[in-house]
Amino acid sequence: MATRHPSIASKAAKAAKAARVAKAKRHEAEGKNTVETPLSKSFTDPRDVLLKPVVSEKSYALLDEGKYTFIVAPGANKTQIKEAVQAVFSVKVTGVNTINRQGKRKRTKSGFGKRADSKRAIVTLAEGDRIDIFGQAS
């Protein structure tokens, strides 16, 4: 959401912002955690985050560098992906890169359709850690 210049913002918006700032200061003084993840955005099981590994030529080429590619839940963020990989495979994750891929537009007899969009994550593991999901023998 774009922020408005203070002179343009409505009186109600200014009052709401003042209330938010006051609440944040009060919580900080009391030592409360002000950031709460709503249940709709949290994943209860780490296997809900990782949907399946990506089996492709590019993903196999990344295995030598200790990088593994997964299709992940569209609502998952990098921290949730990192925690899920560490929990499921018992490895140390050093980095996570994510990609939102648009579904391809496909022609059918009846017109045009579109494949589903997907989110992929390239997970970098610590030196010496491995995941044997692809059955590699190295």
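These are my notebook entries on one chain, taken from a predicted model.

**Entry 1, the whole chain.** I began with the secondary structure, and I found that the chain holds 3 helices and 6 strands, which follow one another along the sequence in the pattern α-β-α-β-α-β-β-β-β. I then looked up how much of the chain is covered, and of its 138 residues 25% count as buried. The accessible surface comes to about 10,600 Å², and carbon and sulfur atoms account for 52% of that area. For the contacts, I considered those between residues at least 6 apart in sequence, and 57% of them join residues that are at least 24 apart.

**Entry 2, strand β2.** Next I turned to strand β2, which runs over residues 67-72 and is mostly covered, since 5 of its 6 residues are buried. Which strands pair with β2 in the antiparallel sense? One of them is strand β1, residues 50-53, which pairs with β2 over 3 bridges, and here I noted that Lys-52 stands opposite Ile-71 in β2. Another is strand β6, residues 118-125, which pairs with β2 in the antiparallel sense over 6 bridges, and there Val-72 stands opposite Lys-119 in β6.

**Entry 3, the nonpolar core.** I looked up the largest nonpolar core and found that it has 18 residues, of which Leu-50, Phe-70, Ile-81, Val-85, Val-123, Leu-125 and Ile-131 touch the most other members. The elements that give two or more residues to this core are β2, α3 (78-89), β3 (93-101) and β6.

**Entry 4, helix α3.** I went on to α3, whose 12 residues reach 16 Å from the first C-alpha to the last, close to the 16 Å expected at 1.5 Å a residue. Which residues of α3 are buried? They are Gln-80, Ile-81, Ala-84 and Val-85. I wanted to know why these buried residues are on the same side of α3, and the reason is that they cover an arc of only 130° around the axis. On the other side of α3, I found Thr-79 and Glu-83 to be exposed. Finally, I checked what lies over the buried residues of the helix, and the elements that cover them include β1, β2, β3 and β6.

**Entry 5, looking back.** Reading my entries together, I see that β2, which pairs with β6, is among the elements covering the buried residues of α3, and that β2, α3 and β6 are also among the elements that give two or more residues to the largest nonpolar core. Ile-81 and Val-85 come up twice in my notes, as buried residues of α3 and among the core residues that touch the most other members.

Notes:
Residues are numbered from 1 along each chain as its sequence is written. This is a predicted model: local features need pLDDT of at least 70, side-chain atom pairs count only at pLDDT 80 or more; totals for chains, interfaces and linings use all residues. Side-chain values use heavy atoms; hydrogens and water are left out. Buried means under 20% relative accessible area, exposed over 50%, partly exposed in between (1.4 Å probe, protein chains only). Two strands pair if DSSP finds at least two bridges between them. Contact means heavy atoms within 4.5 Å. Accessible areas come from the Shrake-Rupley method with a 1.4 Å probe; for residues, only the protein chains shown count as cover. A nonpolar core is a set of buried Ala, Val, Leu, Ile, Met, Phe, Trp, Tyr and Cys residues joined through side-chain atoms within 4.5 Å. The expected span of a helix is 1.5 Å times one less than its number of residues. The arc is that of the directions from the helix axis to the C-beta atoms.
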